[in-house]
Structure formats: structure tokens, C-alpha cells
Amino acid sequence: QYSPDSVAGADGEIDPTEITFPGCSCRSSSCVAPECPCLCRGENYSSSLCLRLAEQQEQHFSRPVFECNSLCQCGDGCQNRLVQRGLQLRLQVFRTERKGWGVRALEPIPRGRFVCEYAGEVLGFAEAHRRIQAQTPQDPNYIIAVREHLHDGRVMETFVDPTCIGNVGRFLNHSCEPNLFMVPVRVDSMVPKLALFAAADISAGEELSYDYSGRFHNLPETSREHRPLEEENRLRKPCYCGSHTCASFLPWDSSLFPTP
């Protein structure tokens, strides 16, 4: 079932459509910092509606991204409303030679531009763990676990499963040298939208990909992926990204997945 936005999972534990953030009282057509409380919470977009990548990379921790929400007084044309508008680019789902389905751009995409959301059922840890344990080694896994490491040591977890309900993001393949990277973007509540942005200028016809492990644009030690024993590798799914730094096998999360 196609859904442009994430929905509450079957466990009913988390409702991504719930509105808990207050709105700003900005009267201008487009909010500006430091007057707008939404923009003051974290990172904001450039005038070209792209994520400010350079500023993110210079910091030990990236700043969170909060968009204006449905309770804000600013208009729909506000510059701080980007991910919530959904897919604006022409993309195509196509059959790859070795990786099953994939997604490619049908138009050039500049670096920092929002591409699409990874949408699906938002699950609690228990339901995400149950679904993964029920999978066989032959089953494709679409469940993603995103962990945000706060400056005080706390970790916020978000689990999204687009297996049965999702959008075009579920067809994106992994690459060890991807051209997209994922950023949690919050609009109405602390439940983030898993937004994918262009990590480099992308040409029309180029396949889109991101790093499933979360290593790309993140500190290496924040990954839950472990280095498997050599004898375990024959049981893991091979990676066909073809990059010079290919790890040969798809990443997996040792806290959710059973050991091969």
C-alpha cells in the first residue's frame, strides 16, 4: 500500500501524525531566525531550499532540524517547510541487474536538495524486534533503525517498516559510497520524518542510494554494526554497490538481527 507519509504501526505504540509541538506566531510569509522559535531549535535550510551541509560537517554533533508545523501562523510558502511538502522531484523505480528494484533520478538534483522520505509504519522496539525475528534469511528486510545520539549521552530510537505500507524510499538500494544521506526532520512532534538529502550533485539517470549502516556523514563509533567473523560472511547478503570501498556485504544491526 502506497503512503507518502509514515503511519502508526500495527502495534499502535507511536503515532507519527500526533501534533505536540506548539506553532510559531510569525506573521511573515517566510520565517527568519532568530525571530522564529522553530528555526531557533536547530538547523535551518538555505535560501535555495537545501540543507546546509558544510555547517553540519564542521560540528562534532549535527544540529537537529525542526520545520514549521500545522499550528504555525506562517504560510505554506514558508522556507522552513520542505520535507513536509513531500516528493517534488521526478524519480523512477527500475529493475537493476543484480540488486532487484532500484530508484534513479529523472532530473539533475543539486547537492543538499531534499529527495524523498523513507516512509512506512513507525514501530516501537518490541514490534520491530518481533518482525525481524520472524524473518527468514531469504526475506528482504525493509525495517530501518535510526538512532540519534544526544549530547548528554541519551539515545533516541526510531523504527520504520515500509514492507507493507510505504513510499518510493523502500526501493532505494544500499551503497558504500552513496549519493544520499538520511536526516531525521521533525515537524509536528518528536517522531521524525526520515528525510533523504543529496550528498553530492546527482545527474539525470543516476541511481540513488544511501548507506544502510548509518556510517555516512556520522561518527563511526555510533554504528551498531559489528565486524563479523570470517565464517559468518558466507551467510550474509552480498553487496553489489560496486564502489571502490565496498564492504562486500550489506550492513546489519546486531541489536535487532539474530546473528547469522
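Arg-95 lies over the face of Trp-101, at 4.9 Å from the ring centre. A charge counts as sitting over a ring when NZ of Lys or CZ of Arg is within 6 Å of the ring centre and within 35 degrees of the ring normal. Arg-104 does much the same kind of thing with Phe-94: its charged end sits over the ring, 4.1 Å from the centre. The model behind these values is a predicted one, in which local features need pLDDT of at least 70 and side-chain atom pairs count only at pLDDT 80 or more, while totals for chains, interfaces and linings use all residues. Residue numbers run from 1 along each chain as its sequence is written, and side-chain values use heavy atoms, with hydrogens and water left out.

Stepping back to the whole protein, there are three helices and twelve strands; these are DSSP runs numbered from the N terminus, with helices (H or I) of at least four residues and strands (E) of at least two. Of the 260 residues, 45% are buried, where buried means under 20% relative accessible area, exposed means over 50%, and partly exposed is in between (1.4 Å probe, protein chains only). The accessible surface comes to about 13500 Å², and 50% of that belongs to carbon and sulfur atoms; areas come from the Shrake-Rupley method with a 1.4 Å probe, and for residues only the protein chains shown count as cover. As for contacts (heavy atoms within 4.5 Å), 67% of those between residues at least 6 apart in sequence join residues at least 24 apart.

Now for the aromatic rings. Rings of Phe, Tyr and Trp (its six-membered ring) pair if their centres lie within 6.5 Å, and planes under 30 degrees apart count as stacked, over 60 as edge-to-face and the rest as tilted. By this rule there are six aromatic pairs. In one of them, Phe-181 and Phe-197 have ring centres 6.3 Å apart and planes at 35 degrees, so the pair is tilted. Phe-181 belongs to strand E10 (residues 180–186) and Phe-197 to strand E11 (residues 193–198), so this pair ties together parts that are 16 residues apart in sequence. Both rings come from buried residues: Phe-181 has 4% relative accessibility and Phe-197 has 0%. The rings of Tyr-210 and Tyr-212 make another tilted pair, with centres 5.0 Å apart and planes at 55 degrees. Here Tyr-210 is buried at 4%, whereas Tyr-212 is partly exposed at 32%. Phe-181 and Phe-197 also join Phe-114 in one aromatic cluster.

What about the cysteines? A search of the whole structure turns up zero disulfides, a disulfide being a pair of cysteine sulfur atoms within 2.5 Å. For Cys-36, the closest cysteine sulfur is that of Cys-31, 3.8 Å away and too far for a bond. Cys-74 also has Cys-31 as its closest partner, with 3.6 Å between the sulfurs, again too far for a bond. Cys-36 is buried at 0% relative accessibility, and Cys-74 is buried at 6%.

Helix H3 (residues 125–133) has Glu-127, Ala-128, Arg-131 and Ile-132 as its buried residues. They cover an arc of only 135 degrees around the axis, which puts them on the same side of H3; the arc is that of the directions from the helix axis to the C-beta atoms. These buried residues of H3 pack against strand E6 (121–123) and strand E8 (155–161).

Finally, Ser-243 is found in the segment after strand E12 (207–210). Ser-243 is buried, with a relative accessible area of 16%. Leaving aside neighbours within four places in sequence, Ser-243 is in contact with Cys-176 and Glu-177.
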